[in-house]
Amino acid sequence: MEKTGDTSAYGASLAGGGFDVHKFIRQPQTIVRLLSWIFAIVVFASITTEGYVNSAHSAEAKCIFNQNDSACHYAVGIGVIAFLACVGFLVLDVYVPFMSNAQERKFAVLADLGFSGVWTFLWFVCFCLLANQWSRTHDVGAIPQDAARATVAFSFFSIATWGILTYFALGRFRRGVNDVTLPTYTEPPPDHHTAYPPTYAPTSYNPTTYTPTTYTAYPSNVADVHQQPPITPNLQPQGDVGYQPPNY
């Protein structure tokens with residue numbers, strides 16, 4: 001399996017690797033996620049603290065964006081959810097490299113990819129809505145303009161940060177797919193011209209003719225070299241045959 005840096009499929013840490021806080025904070029993905037977290041705080045905090053004012057003719061507080069409460073509610077909702085999501089995905093970024101199951105890491109990366117893509121679009125809608133309503137606001141004398149401009153500006157910045165997070169998640173997903181892809185076996189195309197598959201075709205059989213061995217008659221006049229010698233009578237010891245023992 002191909003490794004990328006010190007990680008493998010879907011951001012898995014190599015065996016024996018521990019969690020390095022300084023390295024984690026310096027990662028581009030962590031930096032951008034922290035910026036998204038800060039931008040979300042600015043958006044919903046600006047609206048909840050200074051986003052509602054009451055006019056001189058009414059005691060009811062209205063949204064500073066053209067008195068459109070829906071615009072303020074939408075921005076607060078998007079900002080709060082983005083704030084909580086950043087915290088959750090930061091924790092997930094810490095935990096994902098130590099997941100032993102590649103399928104679980106894949107689901108985590110897909111969740112990050114899907115959520116980041118959706119929130120990029122929703123922040124774009126929020127920016128367009130707030131900018132449009134602010135341009136239609138005419139009575140700005142009693143409105144905290146700095147809070148309104150900050151809300152519009154950081155909504156725009158959030159589009160960029162969440163778009164970058166989407167790009168990072170897409171890159172991790174593609175690297176994970178390439179890491180876990182294994183070559184597959186493909187069957188050879190069938191040969192319809194032969195009775196058997198080409199891999200299992202029987203070999204041709206050529207029978208052999210058995211030729212018996214002929215033996216020639218052993219000649220009877222040849223002495224058997226292995227025949228035992230005939231029995232001979234006991235021989236007298238050689239010596240002086242004329243010697244007679246003396247008679248006393």
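Cys128 is partly exposed in this predicted model, with a relative accessible area of 34%. The residue sits in helix α4. Its C-alpha lies 9.0 Å from that of Ser155, and the two residues are 27 apart in sequence.

The chain holds 5 helices and 2 strands. Read from the N terminus, the order of its elements is α-α-β-β-α-α-α. Of the 248 residues in the chain, 26% are buried. About 17,700 Å² of the chain is exposed, and 62% of that area comes from carbon and sulfur atoms. Among contacts between residues at least 6 apart in sequence, 75% link residues at least 24 apart.

Helix α4, which carries Cys128, spans residues 102-135 and packs with helix α3, residues 69-95. Their axes come within 10 Å and cross at roughly 155 degrees. Because angles over 145 degrees count as roughly antiparallel, α3 is roughly antiparallel to α4. The crossing of these two helices is left-handed. On the α3 side the contact is made by Ala71, Tyr74, Ala75, Ile78, Gly79, Ile81, Ala82, Ala85, Phe89 and Leu92. The α4 side contributes Ala108, Ala111, Asp112, Phe115, Trp119, Leu122, Trp123, Val125, Cys126, Leu129, Leu130 and Gln133. The residues of this contact divide into 19 nonpolar, 2 polar and 1 charged.

Helix α3 also packs with helix α2, residues 28-50, at an angle of about 150 degrees and with the axes 8 Å apart. The two helices are therefore roughly antiparallel to each other. Here too the crossing is left-handed. From α2, the residues in contact are Gln29, Thr30, Arg33, Leu34, Ser36, Trp37, Ala40, Ile41, Val43, Phe44, Ile47 and Thr48. They meet Cys72, Ala75, Val76, Gly79, Val80, Ala82, Phe83, Cys86, Val87, Phe89, Leu90 and Asp93 of α3. This contact comprises 17 nonpolar, 5 polar and 2 charged residues. Ala75, Gly79, Ala82 and Phe89 of α3 take part in the contact with α4 and also in the contact with α2.

The two helix pairs are set out below.

| Helix pair | Axis angle | Axis distance | Contact residues |
|---|---|---|---|
| α3 and α4 | roughly 155 degrees | within 10 Å | 19 nonpolar, 2 polar, 1 charged |
| α2 and α3 | about 150 degrees | 8 Å | 17 nonpolar, 5 polar, 2 charged |

Conventions. Residues numbered from 1 in each chain as written. Predicted model: local features only at pLDDT ≥ 70, side-chain atom pairs only at ≥ 80, totals over all residues. Heavy atoms only, no water. Axes fitted to C-alpha atoms, helices over the stretch in contact; angles between N-to-C directions. Helix = DSSP H or I, 4+ residues; strand = E, 2+ residues; numbered from the N terminus. Parallel < 35°, antiparallel > 145°, perpendicular 65-115°, else oblique. Left-handed = near helix turned anticlockwise from the far one by under 90°. Contact = heavy atoms within 4.5 Å. Nonpolar A, V, L, I, M, F, W, Y, C, P; charged D, E, K, R; others polar. Buried < 20%, exposed > 50% of the residue type's maximum accessible area, 1.4 Å probe, protein only. Areas by Shrake-Rupley, 256 points an atom, 1.4 Å probe, with all protein chains shown as cover.
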